[in-house]
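Student: I should like to learn how to read the features of a protein model, one after another. Could we work through an example together?

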Amino acid sequence: MRFLVSNDDGIFSPGLVALAGIASQFGEVVIFASENDNSAVGHAITIQRPLNYHRMPLGGLNAYRVNGTPADCVAMGLYFSGKVDLVLSGINLGSNLGNDIWHSGTVAAAKQAVLLGFPAIAFSMVTNGETLNFEKQTPYIIEIIRTLSTGERPRLVNVNFPPEPRGILWTHQSIRAYNGIVIESQDPMGTRNIWFSAVPLSAPDENSDCWAVDHSFVSLTPLSLNRTDVTWLKKMR
Ligand code: MN
């Protein structure tokens with residue numbers, strides 16, 4: 001099997017190296033990832049300046065750094081590395097649940113692969129400030145790659161890990177309204193800084209991605225690329 005591995009935290013993220021290492025057990029791995037942290041850039045692509053990529057040493061892995069977004073990295077990686085069986089994105093340091101999916105570069109990298117005709121999985125994990133360790137996630141990642149690399153399967157799957165996983169749950173994306181609060185602060189130069197702090201206004205619904213991770217399940221959400229509201233389309237027609 002051949003894999004393209006990317007992420008949005010950047011090529012130096014321990015999550016990327018961990019995922020590429022696990023994929024190496026299944027076959028050949030090529031990494032195309034951003035030189036910088038591109039978290040929350042969503043599905044942005046670079047069209048205002050030229051892109052390039054450079055080979056770089058990364059623990060014996062076949063890795064290339066790109067001066068672009070996660071979606072750029074996957075498009076470039078698929079173009080220059082040839083046919084792959086599966087595209088993997090992550091492991092993102094931080095979850096990508098519910099409304100995070102709109103903003104996530106991790107999910108966008110996987111989406112980009114599907115748009116170009118390749119199946120893809122996005123991996124993200126809750127980080128709780130403790131020393132990073134992928135030991136508890138590794139057996140699940142192996143199982144998920146095994147399940148989603150053969151036979152009939154969803155083309156795009158968003159995976160999220162709780163800190164202490166106790167099983168796998170197939171889930172739907174949680175859609176909740178947020179409070180939209182901004183937090184202001186002042187830096188030492190007296191400049192006013194504004195930060196988004198989105199807190200959901202309700203509890204997640206049962207069997208949603210947020211609910212699963214809250215209940216210590218590994219959440220697997222099959223995502224579609226079609227955002228059409230079919231119910232309303234029928235009504236309006
Ligand atoms: Mn990230």
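**Aromatic rings, a metal site and a sheet**

Tutor: One aromatic cluster is made up of Phe-32, Tyr-53, Tyr-64, Tyr-79 and Phe-80. Please bear in mind that this is a predicted model.

Student: How is a pair of aromatic rings described?

Tutor: Two quantities describe such a pair, namely the distance of the centres and the angle of the planes. Here the count comes to 7 aromatic pairs when ring centres must lie within 6.5 Å. One of them joins Phe-3 and Phe-26 edge-to-face, with 6.3 Å centre to centre and 70 degrees between the planes. Phe-3 belongs to strand 1 (residues 2–6) and Phe-26 to the loop between helix 1 (14–24) and strand 2 (28–34), so this pair ties together parts that are 23 residues apart in sequence. Phe-3 counts as buried because its relative accessibility is 0%.

Student: Which geometry does the pair of Phe-32 and Tyr-64 have?

Tutor: That pair is stacked, at 4.9 Å centre to centre and with 20 degrees between the planes. Since Phe-32 lies in strand 2 and Tyr-64 in strand 4 (residues 61–66), the pair ties together parts that are 32 residues apart in sequence. Both Phe-32 and Tyr-64 are buried.

Student: Where does the charged end of Lys-235 sit?

Tutor: It sits over the ring of Trp-232, 4.5 Å from the ring centre.

Student: Let us turn to the metal. Which residues coordinate the manganese ion?

Tutor: As general background, ideal angles at a metal are 109.5 degrees for four tetrahedral donors and 90 or 180 degrees for six octahedral ones. In this model, Asp-8 (OD), Asp-9 (OD), Ser-39 (OG) and Asn-92 (OD1) coordinate the manganese ion at 2.0 to 2.3 Å. Along the chain, the donors follow the spacing D-D-x29-S-x52-N. Asp-8 lies in the loop between strand 1 and helix 1, and Ser-39 in the loop between strand 2 and strand 3 (53–58), so the pair ties together parts that are 31 residues apart in sequence.

Student: Are Asp-8 and Ser-39 buried or exposed?

Tutor: Asp-8 counts as buried, at 2% relative accessibility. Ser-39 counts as partly exposed, at 36% relative accessibility.

Student: How should I read the sheet, and in what order do its strands come?

Tutor: Strands of a sheet pair through backbone hydrogen bonds, either parallel or antiparallel. Here 9 strands form an open sheet of mixed pairing, in the order 3-4-2-1-5-6-7-11-8. Strand 3 and strand 8 (168–170) stand at the edges with a single partner strand each, so one side of each is left without a neighbour in the sheet. On average, neighbouring strands of this sheet are turned by 25 degrees against each other, direction ignored.

Student: What are examples of parallel and antiparallel pairing?

Tutor: Strand 1 and strand 5 (residues 86–93) pair in the parallel sense over 4 bridges, and Phe-3 stands opposite Leu-86 in strand 5. Strand 3 and strand 4 run antiparallel and are joined by 6 bridges, with Arg-55 opposite Tyr-64 in strand 4. The hairpin of strand 3 and strand 4 has 2 residues between the strands, and Gly-59 there takes a positive phi near 55 degrees.

Student: Where is Glu-135 found?

Tutor: Glu-135 is in the loop between strand 6 and helix 5 (138–147). Glu-135 is exposed, with a relative accessible area of 63%. Its C-alpha atom is separated by 9.6 Å from that of Ala-18, and these residues are 117 residues apart along the chain.

Conventions: Residues are numbered from 1 along each chain as its sequence is written. This is a predicted model: local features need pLDDT of at least 70, side-chain atom pairs count only at pLDDT 80 or more; totals for chains, interfaces and linings use all residues. Side-chain values use heavy atoms; hydrogens and water are left out. Rings of Phe, Tyr and Trp (its six-membered ring) pair if their centres lie within 6.5 Å; planes under 30 degrees apart count as stacked, over 60 as edge-to-face and the rest as tilted. Buried means under 20% relative accessible area, exposed over 50%, partly exposed in between (1.4 Å probe, protein chains only). A charge sits over a ring if NZ of Lys or CZ of Arg is within 6 Å of the ring centre and within 35 degrees of the ring normal. Donors are N, O and S atoms within 2.8 Å of the metal (3.2 Å for Na, K and Ca); water is not among the atoms, so sites may look incomplete. Two strands pair if DSSP finds at least two bridges between them. Axes are lines fitted to C-alpha atoms, for helices over the stretch in contact, and angles run from 0 to 180 degrees between N-to-C directions.
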